[in-house]
Amino acid sequence: MGTSVQVTPLCGVYNENPLSYLLSIDGFNFLVDCGWNDHFDPTILQPLSRISSTIDAVLLSHPDTLHLGALPYAMKQLGLSAPVYSTEPVYRLGLLTMYDHYLSRKQVSDFDLFTLDDIDSAFQNVTRLTYSQNHHISGKGEGIVIAPHVAGHLLGGTVWKITKDGEDVIYAVDFNHRKERLLNGTVLESFVRPAVLITDAYNALNNQPSRRQRDQDFLDAILKTLRADGNVLLPVDTAGRVLELILILEQYWAQHHLTYPIFFLTYVASSTIDYVKSFLEWMSDSIAKSFEHTRDNAFLLRHVTLLINKNELEKVPDGPKIVLASMASLEVGFSHDIFVEWATDVKNLVLFTERGQFATLARMLQADPPPKAVKVTMRKRVPLVGEELRVYEEEQNRIKKEEALKASLSKEEFKASHGSDVDLGDPMVIDPSNTHASSDATGPHGSGYRDIFIDGFVPPSTSVAPMFPYYENSAEWDDFGEIINHEDYVIKEEDIDQASMHVGGDLDGKLDEGSANLILNSKPSKVVSNELTVQVKCTLVYMDFEGRSDGRSIKSILAHVAPLKLVLVHGSAEATEHLKQHCLKHVCPHVYAPQIGEAIDVTSDLCAYKVQLSEKLMSNVLFKKLGDHEIAWIDAEVGKTDSDMLSLLPISTPPPPHKSVLVGDLKLADFKQYLASKGVQVEFAGGALRCGEYVTLRKVGDASQKGGVTGTQQVVIDGPLSEEYYKIREYLYSQFYLL
């Protein structure tokens, strides 16, 4: 029986909700993607909460909230504790994306689903892989190999290839076959006949214009607004498709010497560009070659100004400008506030470059026809003053007194239980009400201790007289010294007041100054809100810059890949059903589109067995080197070892004759050069190779193999029997290994 494979959608099927799927391979549970929507609605994570404790590994494909937004919450609240795998850009840019979302919400609400510390903690579990790097899972997943491959769409975006016993399971969502300024196209077409392919139907009903036409329409719309003295707002993501837009604008402004100001406004704008500058090897070939020749980094921006605070934008002189601001949904963030300010002016343009998520303001504005007025809620965090500040301080003092009273009572109970005869009038006895609570002495970390003094001498709550802290050293020793407990040296920050010690978490202190000020601002504050009705008089335009393959390309790619079994996820019900029916007719007979929570078994029908090659057999085998491998033909019979494992043994009778097998992959272009080096006149004619005067070579693929990449290939040699014919045939045989 083949490798056991089950797929269970947890979110994101028959709709455009975030992506999250359970993939079980021989009992090893992968969570492929862990997305959340821009509303951060915990109810859509209920299916994940039921199985999160059983997850053995997490695979992340793209650095946006739809693919990894729920990771910090799942790690903190749902019991997810598995190792996480991604590429370096997905790790870095995903971290920045989550920072930006948290800071955008914290500024306008009492957001408490997760904190910056929770984000840091979740991303500390990430193992970073490079493209095509094979990573062998150990322990429970022994024998499983995972490898990320180029997906296109976003920087670091991944098509995951999971291999077990020679069978491939491919997870490819949100891929892009087109080469763009920033990224190369996907390598999905290089996989042929995988056992299982999991892909999405998000764009199955959409077709796109050429890239050249799309880019020109984009620039024309922007310039038309700017020349009419209007402003342009592009609601964008934090560190995803916005990078392609920045390159388009930067290059066009440089080529045409334009002076209209361009601003990139997010809480982590400068950190984003700083990291992107170091990811050139993950970008398109054109960017890499340009850097090799000119040493000019494509993201040394000369026409785009990075801003981290809306106050900086307000200081800019009046005049036409372009602002790329997060968030793309217009639910929160700088883009929300700017839209409210600019929407009432007919000269302005709001240009959407991706479809808004369901039930967001952006999706509402993309309706046809667009609304003439929308209701929005404006929220702002303001410091407490006057009576509110006094009430807040009184409440805080009351809480402190209650904590001191609890500490005093616990000390009295301790003395009573130990029959203490200490003279309470002794001036050396310390009143616990005048000391810090025990939690202050040990810090916010609870268990464990630190050999430091805070405010001088702080006695433990259980002491009845002043004493210096003493801890009995019960550590274990080995031949090299004391055995270290690494957890004693891990600083677990849980109090936001201590964020100054690690601003930016894993970003090495590179969180933007404005963002840091928000974190460190411990002044009492509140959120005030008011509802407004905004008259939408500005121009609203949607252009598809999502960077996903369109419906026609998806169908062509799936037909080329030709999986044995196909699982469709993430897309509207109409798009999913349309693609399913198409694939049943033209791709493969086994196409599945499961509902949320529906486990489908896509185990391969192939039978695979593990066998051991006996020493007797191997001692008589002659290997021939083929590239990085060695190959040989063996004749053997199946037996069993003492441990009851299948083994191949030498056959007891003379081996039967077999037809000669030519192993290799002939490339006609290379063979043409080889023949030319031997003095043979050779040229291409009509897809065939004409050798000399009379001999012709051509390759014929096996029609039973869809895609024509794997399987047997025929090389047909035509010509009259002559000395030239036999000479060219001999040259042809020399290009293969004969078994």
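Helices and strands are here DSSP runs, of at least four residues for a helix and at least two for a strand, numbered from the N terminus. The structure is a predicted model.

**Exercise 1. The setting of H570**

Task: Determine where H570 is found, whether H570 is buried or exposed, and which residues H570 is in contact with.

Solution.

Step 1. Locate the residue in the chain. H570 belongs to the loop that connects strand 22 (565-569) with helix 17 (573-586).

Step 2. Assess its cover. Buried means under 20% relative accessible area. H570 has 0% relative accessibility and is therefore buried.

Step 3. Look for a polar partner. The side chain of H570 comes to 3.1 Å from the backbone oxygen of N17.

Step 4. List the surroundings. When neighbours within four places in sequence are left aside, the contacts of H570 include G12, V13, N15, E16, N17, L19 and Y21. D174, D200, A201 and Y202 are also in contact with H570.

**Exercise 2. The protein as a whole**

Task: State how many helices and strands the protein has, and what percentage of its residues is buried.

Solution.

Step 1. Count the elements. The secondary structure consists of 20 helices and 35 strands.

Step 2. Consider burial and surface. Of the 739 residues, 45% are buried. The exposed surface of the protein is about 37,900 Å², and 51% of it is supplied by carbon and sulfur atoms.

Step 3. Consider the range of the contacts. Among contacts with a separation of 6 or more, 73% are between residues 24 or more positions apart.

**Exercise 3. The nonpolar cores**

Task: Identify the residues with the most contacts inside the largest nonpolar core, and state which domains this core draws on.

Solution.

Step 1. Begin with the general tendency. In soluble globular proteins, nonpolar side chains tend to be buried together.

Step 2. Describe the largest core. The largest nonpolar core comprises 113 residues, and F114, F218, W253, I322, L324 and F339 have the most contacts inside it. At least three residues of this core come from domain 1 (5-207 + 544-601), and at least three from domain 2 (211-384 + 526-542).

Step 3. Examine F114. Residues up to four places away in sequence not being counted, F114 touches W36, F40, P72, Y73, K76, M98, Y102 and I119.

Step 4. Turn to a further core. Another core, of 30 residues, lies apart from the largest one; L19, L23, I146 and W160 are among its members. L19 is also one of the residues in contact with H570.

**Exercise 4. The sheet that contains strand 8**

Task: Establish the order of the strands in the open sheet that includes strand 8, and explain why strand 7 and strand 23 each have one side without a neighbour in the sheet.

Solution.

Step 1. Give the order. The seven strands of this open sheet follow the order 7-8-9-10-11-22-23, and their pairing is mixed.

Step 2. Identify the edges. Strand 7 and strand 23 (591-592) each have a single partner strand, so one side of each lacks a neighbour in the sheet.

Step 3. Follow the antiparallel pairs. Strand 7 (residues 135-136) is joined to strand 8 by two bridges in the antiparallel sense, and H135 has I146 as its bridge partner. Seven bridges link strand 8 to strand 9 (residues 158-164), again antiparallel; here A147 is opposite K161. Strand 9 runs antiparallel to strand 10 with five bridges, and I162 is opposite V169.

Step 4. Inspect the turn. Two residues lie between the strands in the hairpin of strand 9 and strand 10, where D165 adopts a positive phi near 55°.

Step 5. Find the parallel pair. Strand 10 and strand 11 (residues 196-200) run parallel and are joined by four bridges. V169 has V196 as its bridge partner in strand 11.

Step 6. Check the cover. In strand 8 (residues 144-150), seven of the seven residues are buried. In strand 10 (residues 167-172), five of the six are buried.

**Exercise 5. The sheet that contains strand 5**

Task: Give the order of the strands in the open sheet that includes strand 5, and state in which sense strand 5 and strand 6 pair.

Solution.

Step 1. Give the order. This open sheet of seven strands is arranged as 6-5-4-3-2-1-24, with mixed pairing.

Step 2. Identify the edges. Strand 6 (126-129) and strand 24 (600-601) have a single partner strand each, so each has one side without a neighbour in the sheet.

Step 3. Examine the pair. Strand 5 (residues 84-87) pairs with strand 6 in the parallel sense over four bridges, with V84 opposite V126.

Definitions and conventions: Residues are numbered from 1 along each chain as its sequence is written. This is a predicted model: local features need pLDDT of at least 70, side-chain atom pairs count only at pLDDT 80 or more; totals for chains, interfaces and linings use all residues. Side-chain values use heavy atoms; hydrogens and water are left out. Buried means under 20% relative accessible area, exposed over 50%, partly exposed in between (1.4 Å probe, protein chains only). A polar contact is a pair of N or O atoms within 3.5 Å; within protein, one must be able to donate a hydrogen and the other to accept it, and residues adjacent in sequence count only if both atoms are side-chain atoms. Contact means heavy atoms within 4.5 Å. Accessible areas come from the Shrake-Rupley method with a 1.4 Å probe; for residues, only the protein chains shown count as cover. A nonpolar core is a set of buried Ala, Val, Leu, Ile, Met, Phe, Trp, Tyr and Cys residues joined through side-chain atoms within 4.5 Å. Domain bounds come from an automatic or database domain assignment. Two strands pair if DSSP finds at least two bridges between them.
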